[in-house]
Amino acid sequence: MIVLGIESSCDDTGVALYSSEHGLLAHQVHAQNAIHAPYGGVVPELASRDHIRVALPLIHELLASTGLSPKAIQGVAYTKGPGLAGSLLVGSLLARSLAYAWGCPSIGVHHLEGHLLAPMLENPQPSFPFLGLLVSGGHTLIIAVKALGEYEILGETLDDAVGEAFDKTAKLLGLGYPGGAKLAELAKLFVAPVSGAPALNFPRPMTDRPGLDFSFSGLKTHVAVEFKKQTALLGELPESHKIAIAHAFETAAVDTLLIKIKRALAQTGYTQLVISGGVSANIQLRTKIAELSQHHQICAYFPRFEFCTDNGAMIAYVGCQRLLRGEQDGLDLTIHPRWPLNSL
Ligand code: KG4
Ligand code: ZN
């Protein structure tokens, strides 16, 4: 079965073709960063308008790159939620119109299920059951993944998502939007504490109490207080000071994730770990998870870098699995801007 996947939950338009026989055939992503950067965040109305503008030409390009005709497509999957209502509507209307015109079924996919199963596009791939750590701009979740569609949430953030904390810290340091990856680039330049200054050590929030929940807003505030303190002393901060702050923040955020993941592995006894979502592209996180997997004899799986952030491939993959199970859309046209993963 060949499935077209369309992702349009936020500010990236992703399209892909996935074959149950041959795997991923092709994919394309159009990012809207340049449109939203002047506003310091995603502007929903501008996002949906851009999806309308680019989605269909992107699908044309995708088909042309594989030489496939629409007749070869046996299903159309799209992101049904969670996400921005206007953006979700564009993808769902387009997907359902194409499926109707091509005489094939369509299926709405949960965006987080897409992220969680993105490592299934790699080789080797995990097998059920496994522990999932989903770290993105909107979510921080530890999930017991028992089977396709069977997800038990073991821990989640009580306030900011870890990606959001990266983005807000990046904004504070003047790195622009979206700043998570830029902050990580800056942190990489760290070699030693600023001369004459004590090494920065930000707190690992909620690790001193039991449980698997997270809270990142306090960490963000700690960084802001330190930044103000240094700025009051020095004025515009030299690069070395910004690098030290970025590194201390990244280390605290990554260590917090690691502490909770170790706890969740001990609690569940799972030996496979999947890390996905935008923050799974972070090198310090990947390095520390690799060390953890060596010491604790577990297998860790990540998506390839381009599939850490939003993409159509993960939606095409999940859609294909669900269509193969006989699921498909009914006659109603619904999107779910808010949609808990454990309600699937
Ligand atoms: O999964 P995603 O594309 O969007 C959501 O569904 O939220 O994740 C985007 C998030 C942003 O917060 C971005 O700053 C963060 O992932 N991110 C990173 C890195 N690359 C992207 N955070 C830390 N290190 C990175 N290298
Ligand atoms: Zn996402």
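**A zinc site, salt bridges and a nonpolar patch**

In this predicted model, the zinc ion (ligand 2) is coordinated at 2.1 to 2.2 Å by His 111 (NE2), His 115 (NE2) and Asp 310 (OD); donors are N, O and S atoms within 2.8 Å of the metal (3.2 Å for Na, K and Ca), and water is not among the atoms, so sites may look incomplete. The angles among the four donor atoms run from 92 to 133 degrees, and the site is tetrahedral (four donors, all angles between 85 and 135 degrees). Along the chain, the donors have the spacing H-x3-H-x194-D. His 111 and His 115 lie about one helical turn apart because they are four residues apart in helix α4 (residues 111–117); helices are DSSP runs of H or I with at least four residues. His 111, at 7% relative accessibility, is buried, and so is His 115 at 2% (buried: under 20% relative accessible area; exposed: over 50%; partly exposed: in between; 1.4 Å probe, protein chains only).

Residues are numbered from 1 along each chain as its sequence is written. Local features need pLDDT of at least 70, and side-chain atom pairs count only at pLDDT 80 or more.

The whole structure holds 16 salt bridges, each a side-chain nitrogen of Lys or Arg within 4 Å of a carboxyl oxygen of Asp or Glu. One of them joins Asp 160 and Lys 168 at 3.5 Å, N to O; Asp 160 is buried at 8%, whereas Lys 168 is partly exposed at 35%. Another links Glu 327 to Arg 325, with the closest N and O atoms 2.9 Å apart. Salt bridges with shared partners connect Glu 113, Arg 322, Arg 325 and Glu 327 in one network.

Terms used: Chains are lettered from A and ligands numbered from 1 in the order in which they are written. Side-chain values use heavy atoms; hydrogens and water are left out. Four donors count as tetrahedral if all angles lie between 85 and 135 degrees; four count as square planar and six as octahedral if opposite donors are over 155 degrees apart and all others between 65 and 115; anything else is irregular. Helices (H or I, at least four residues) and strands (E, at least two) are DSSP runs, numbered from the N terminus.
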